[in-house]
Amino acid sequence: MDFDDTPDEAAWRASVRGYITEHRDQLGDRRAGNGRDNVPAAKASQACLYEGGLVGVTWPVEFGGQGGTPMQQAIVDQEMARAAVPALLNLIGIGMCGPTVIAHGSEDQKQRYLTRLLRCDDIWCQLFSEPGSGSDLAALRTKAVRDEDGNWHITGQKVWTTGAHIADYGILLTRTNPDVAKHKGLTMFVVDMHAPGVTVRPLRQMNGGADFNEVFFDDVVIADGERLGDVDNGWRVALTTLMSERVSLGGGGTDIGLGVDSVIAHTAQRISALSADRQALARQDLGRAYVASLGIRYTGYRLLSAISRGEAPGPEASAGKLAGTVAARAMADLAVRLIGDEAVYAKTLDGEGTWQHMQAVLPGMAIAGGTDQILRNVLGERVLGLPTEPRSDKGAPVRPSTTGGQQ
Ligand SMILES: Cc1cc2nc3c(=O)[nH]c(=O)nc-3n(C[C@H](O)[C@H](O)[C@H](O)COP(=O)(O)OP(=O)(O)OC[C@H]3O[C@@H](n4cnc5c(N)ncnc54)[C@H](O)[C@@H]3O)c2cc1C
């Protein structure tokens, strides 16, 4: 890959930078806090970027996108990070829900939902995980039953749903057939989060925020026209979402998580003040963090190169997310160790909070969108070709059996 901008890319970068500079006041500052704390301002920021053609750059023009390249999108991401523009409020909608609607939705759903999602008229969430099924997602039990009019009745519970408390719509994975192998009896829907029977309860996190929720469905009615993909074929639809999620979390050509420059800027003085032996150890840690951050960046570029060549991101996209998480956690731990008490109030250069906040946020990254352990399984089995994990429930139906079947 050539790391310099081509003339076209340089022109695009200049126009993106120009738009951001011109609208700086409307866009807000990511160091001022989490967008979910001030929804109207975060909506206005995304709408402003949308008006400038900087949201959903690779999406088709007819659905509000620019029909652009992944490289153009990466340049937008880089310029937003450079100018500390807040992350898009509808990131889950754009990164996960939208691509799923584009790949599996009807023409009517695409027309009704996609442009509004990009402009942040509607906020979206992803309703997959349940109390008994996270890594083993296909074991989920939220039930969808069809009535004689063709409508679906949903009953069950989801958990860890990011942004459900501010969402207007969600993509909802349900069980429509408990009598077949667990991956085969799932169906995906678009659900109106304001529909009767939907209850959202926020959960408090260890970093002080409340971005997650429990969501309860009590006989919620969904029209068949809101189905995404075929009945009982929801696993295939969910794979589109999950792969989009890993690419989105895995960087896709930009630096993710914590920039090592930020760590160096905050710790350089501290390191010089240390005794010689402790200084040597700190420098080694910093060197490791630096190498890891380059690893993230180049893994992201490799992924981006594949996408630019028109190749679908494969399981190696999981490596970007895994590498990014491991490196960002190591850097946050190192910074907090070196900065000491100041970590409670000193803000990172490129983050939304203090160093201590960052240290408390990052363990969640090692869980969201596939835990570190699950991603290692994916890499072992599907990239390195190692023997697969023993899976005693493979092919078994989810419905409890009176003869001692799977629970
Ligand atoms: C920040 C954040 C945001 C999230 N947002 C959403 C969201 O918007 N929507 C949504 O649906 N969900 C969301 N989740 C939930 C997330 O997808 C699940 O937490 C995740 O899939 C893990 O599932 P679990 O919590 O049930 O843990 P479990 O699957 O019960 O795992 C527990 C532990 O066992 C390990 N483990 C499990 N199976 C294996 C295996 N086969 N091999 C080796 N180790 C294994 C795991 O790695 C983990 O350490 C979010 C989570 C986080 C942290």
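**Group meeting: the ligand site and the strands around it**

Okay, let's start with the ligand. It has 16 residues around it, and the closest are Gln126, Ser129, Ser135, Thr371 and Gln373. Before I go on, keep in mind that this is a predicted model.

So what do the polar contacts look like? Take Ser135: an N or O atom in its side chain is 2.6 Å from an oxygen atom of the ligand. Ser129 uses its backbone instead, with an N or O atom 2.7 Å from a ligand oxygen. Then there's Thr162, where a polar side-chain atom sits 2.7 Å from a nitrogen atom of the ligand. As for cover, on its own the ligand has 970 Å² of accessible area, and the protein covers 64% of that.

What kinds of residues make up the shell? You get 6 nonpolar, 10 polar and no charged residues. If you're setting up charges for this site, that's the split in the shell to look at. Which element gives the most to the shell? That's helix α12, residues 372–383, with 3 residues.

And where does the ligand lie relative to the domains? Domain 2 covers 124–240 and domain 3 covers 250–383, and both give residues to the shell, so the ligand lies between them.

Let me stay with α12 for a second, because one of the closest residues, Gln373, is in that helix. Is Gln373 buried or exposed? It's exposed, at 54% relative accessible area, and the cut-off for exposed is over 50%. Now compare it with Ala273: the two are 100 residues apart along the chain, and their C-alpha atoms are separated by 38 Å.

Next, Gln126, which is also among the closest residues to the ligand. Strand β1 runs over residues 124–127, with Trp124 and Gln126 pointing one way, Cys125 and Leu127 pointing the other, and all of them buried. β1 runs parallel to strand β4, residues 169–175, and 4 bridges join the two. Within β4, Gln126 has Ile171 as its bridge partner.

Okay, β4 itself. How many of its residues are buried? It's 6 of the 7, so β4 is largely enclosed by the rest of the structure. Besides β1, β4 pairs with β5, residues 186–192; this pairing is antiparallel and has 7 bridges. One pair to look for there is Tyr169 opposite Asp192 in β5.

Between β4 and β5 there's a loop, and His183 is in it. His183 has 35% relative accessibility, so it counts as partly exposed. What I'd point out is Gly395: it's 212 residues from His183 in sequence, but C-alpha to C-alpha the two are 8.1 Å apart. For contrast, take Ala328, in helix α10, residues 317–339. Its C-alpha is 31 Å from that of Leu173, with the two positions 155 residues apart along the chain. Ala328 is buried, at 2% relative accessible area.

There's another strand pair, β2 and β3. β2 is residues 143–146, and it pairs with β3 in the antiparallel sense over 4 bridges. In that pairing, Lys143 stands opposite Thr155. The two strands form a hairpin with 5 residues between them, and Gly150 in the turn has a positive phi of about 95 degrees.

That brings me to backbone angles, which you may want to check in your own viewer. Most residues other than glycine have a negative phi. Cys120 isn't a glycine, yet it has a positive phi of about 70 degrees. Where is it? Cys120 is in the loop between α6, 107–119, and β1. With 3% relative accessibility, Cys120 counts as buried. Trp160 also has a positive phi, about 65 degrees, and isn't a glycine either. It's in the loop between β3, 152–159, and β4.

To wrap up, the things to take back to your desk: the ligand lies between domain 2 and domain 3, and its shell has no charged residues. Okay, that's it from me.

Notes
Residues are numbered from 1 along each chain as its sequence is written. This is a predicted model: local features need pLDDT of at least 70, side-chain atom pairs count only at pLDDT 80 or more; totals for chains, interfaces and linings use all residues. Side-chain values use heavy atoms; hydrogens and water are left out. Buried means under 20% relative accessible area, exposed over 50%, partly exposed in between (1.4 Å probe, protein chains only). Two strands pair if DSSP finds at least two bridges between them. A residue is near a molecule or strand if one of its heavy atoms lies within 4 Å of it. A polar contact is a pair of N or O atoms within 3.5 Å; within protein, one must be able to donate a hydrogen and the other to accept it, and residues adjacent in sequence count only if both atoms are side-chain atoms. Accessible areas come from the Shrake-Rupley method with a 1.4 Å probe; for residues, only the protein chains shown count as cover. Ala, Val, Leu, Ile, Met, Phe, Trp, Tyr, Cys and Pro count as nonpolar, Asp, Glu, Lys and Arg as charged, and the others, Gly among them, as polar. Domain bounds come from an automatic or database domain assignment.
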